[in-house]
Amino acid sequence: MPQILLLEDDTEIRLGLEQHLRREGFGVSSVGTGKEALQALAGAAQGPRLEAALLDLSLPDMDGLDVLRAIRADPAHRGLPVLLVTARSEEIDRVLGLELGADDYISKPFSARELAARLRAILRRSTPAETPERTPQLTFGPISVDLDMHTARVDGQLVDLTRREFELLAYFLKNPRRVLTREKILQQVWGLDYLGESRTIDAHVRRVRAKLGEAAANHIETVVGVGYRLGGPAGA
C-alpha cells in the first residue's frame, strides 16, 4: 500500500481526500500545516516509508513551496515524488513549483478520480520496472549517466539531479540526435497515462540545462514548435 503524505489546511477537504485515497488503496498520513508536514518528514524514518507527497500551496503558516524546497534540499527525501495542489490561478506559481522540483500539479477544483490517477502516474515512474537488456552507462559529449548508480556527470564531475531530472537526461542520452516531441517525452518519462501539460517538460529541461553548465547545456537543443533534441541532426 503506497504511503502518501497529505498536506491540506482545510479540514473538511483533507478528511474527504483522506477517505477517498484510502478507498483507492493508498495509505495516508495527513497534516494541516507546513510545520506539521516538516515534522512528519523529519520523523518518517520511524514510520511507514513515504512514497509520495501531496502538498497544498496555500497554507496558514507558510507557503507550500517552502515545504517543497525543504523536501528537495533534504537528501533523505530529495527523490520523493511530489504532487502540488493549488487554488492559485497565476501560472507563475505553478511554473515555480515545477522549477523547484515538483513532479506534477493539479488545480482546484479537481475530481478525486483524477487526483488518484495523477498519484499513480508519479508513483509508477518512481519505481520503474527493470528491463533485462540495457546499457548501464550512456554518454554524449561531456555528459554521462550511470543507470545503475543513478548518477550523472559532466566532464567527470557529478551533477546533482532530482530523480525526474535524471530520468529526463537519461532519456535524451538514449535517443541522441533524434527530435523528441513533448508528447513523446511525457509518455516515456512521466508515464503513458500522465495527465500533465507540456510546460512541465519545459520547466524540467531548463533546470537540467542549468545544472549541466553552459557548455554541456548547449547539447540539448530546442526544436521550435516540436520539442527537443540532444545534439544536432544525425550525420551533421
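## The largest nonpolar core

Let's start on the inside. The largest nonpolar core has 29 residues, and the ones that touch the most other members are Val145, Leu169, Phe172, Ile185 and Ile220. Several elements each give two or more residues to this core: strands S6 (137-140), S7, S8 and S12 (227-230), along with helices H6, H7 (182-190) and H8 (199-212). H6 supplies the largest share, with seven residues. Keep in mind as you look around that this is a predicted model.

There's also a second, separate core, made up of 22 residues; Leu50, Ile71, Leu98 and Ala203 are among them.

## Zooming in on Val145

What is Val145 in contact with, once you leave aside its neighbours within four places in sequence? The list is Pro136, Gln137, Leu138, Thr151, Ala152, Phe166, Leu169, Ala170 and Leu173. One of these, Leu169, also appears with Val145 among the core residues that touch the most other members.

## Helix H1 from end to end

Now for H1, which covers residues 11-23. Does its length agree with what you'd expect, or disagree? At 1.5 Å a residue, its 13 residues should span 18 Å, and the end C-alpha atoms are indeed 18 Å apart, so the two values agree.

At the N-terminal end of H1, Asp10 acts as a cap: one of its side-chain oxygens sits 3.0 Å from the backbone nitrogen of Glu12. Along the helix, Arg14, Leu17, Glu18, His20 and Leu21 are buried. Just after H1 comes Gly25, with a positive phi of about 95°.

## Two positive phi angles outside glycine

Gly25 is a glycine, but His150 isn't, and His150 still has a positive phi of about 60°. You'll find His150 in the loop between strand S7 (143-146) and strand S8 (151-154). Its relative accessibility is 39%, so His150 counts as partly exposed.

Arg177 is another residue that isn't a glycine yet has a positive phi, again about 60°. Look for Arg177 in the loop between helix H6 (163-174) and strand S10 (180-181). Is Arg177 buried or partly exposed? With a relative accessible area of 33%, Arg177 is partly exposed, because buried would need a value under 20%.

## A cis peptide bond

One last stop: the peptide bond from Lys108 to Pro109 is cis, and its omega is near -5°. Where does Pro109 sit? Pro109 is in the loop between strand S5 (104-107) and helix H5 (112-126).

Conventions:
Residues are numbered from 1 along each chain as its sequence is written. This is a predicted model: local features need pLDDT of at least 70, side-chain atom pairs count only at pLDDT 80 or more; totals for chains, interfaces and linings use all residues. Side-chain values use heavy atoms; hydrogens and water are left out. Helices (H or I, at least four residues) and strands (E, at least two) are DSSP runs, numbered from the N terminus. The expected span of a helix is 1.5 Å times one less than its number of residues. Buried means under 20% relative accessible area, exposed over 50%, partly exposed in between (1.4 Å probe, protein chains only). A polar contact is a pair of N or O atoms within 3.5 Å; within protein, one must be able to donate a hydrogen and the other to accept it, and residues adjacent in sequence count only if both atoms are side-chain atoms. A nonpolar core is a set of buried Ala, Val, Leu, Ile, Met, Phe, Trp, Tyr and Cys residues joined through side-chain atoms within 4.5 Å. Contact means heavy atoms within 4.5 Å.
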